[in-house]
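Subject: Structure for your attention

Dear colleague,

I am handing over the structure below, and I would be grateful if you could read the notes that follow alongside it.

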Amino acid sequence: MTSPPEGGDDGSAAESRPLVCDRCDTSAGTPADGPPLTWTCSVENGVRRYFCESCSRENLRSIEGRLDSDWW
């Protein structure tokens, strides 16, 4: 296991920002308990990206094929 780089994501900054889908900008409100269970989390180039249920369903095959969201 490796340590996060300086200024890495320790969760404190994410708690203060509202959670928004990285594809369609749908808001899930503040992530007090984490993202909704129906949302998908993807790590692309070391950055966590969250996608709402609709975007996740529409792009399921691309997600399973591990394509970066830029290709969807």
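Strands here are DSSP runs (E, at least two residues), numbered from the N terminus, and two strands pair if DSSP finds at least two bridges between them. Please keep in mind that this is a predicted model, in which local features need pLDDT of at least 70 and side-chain atom pairs count only at pLDDT 80 or more, while totals for chains, interfaces and linings use all residues. Residues are numbered from 1 along each chain as its sequence is written, and side-chain values use heavy atoms, with hydrogens and water left out.

S3 and S4 form a hairpin with 2 residues between them, and the two strands pair in the antiparallel sense over 5 bridges, with Glu44 standing opposite Val47 in S4. In the turn, Asn45 has a positive phi of about 55 degrees, and Asn45 counts as exposed at 74% relative accessibility (exposed means over 50%, buried under 20%, partly exposed in between, with a 1.4 Å probe and protein chains only).

A positive phi, near 65 degrees, is also found at Asp25, which lies in the loop between strand S1 (19–20) and strand S2 (27–29) and is exposed, with a relative accessible area of 59%.

The largest nonpolar core has 7 residues, namely Leu19, Cys21, Trp39, Tyr50, Phe51, Cys52 and Cys55; such a core is a set of buried Ala, Val, Leu, Ile, Met, Phe, Trp, Tyr and Cys residues joined through side-chain atoms within 4.5 Å. Leaving aside residues up to four places away in sequence, Tyr50 touches several residues, among them Leu19, Cys21, Pro35 and Trp39, where contact means heavy atoms within 4.5 Å.

With best regards

Technical notes
Helices (H or I, at least four residues) and strands (E, at least two) are DSSP runs, numbered from the N terminus.
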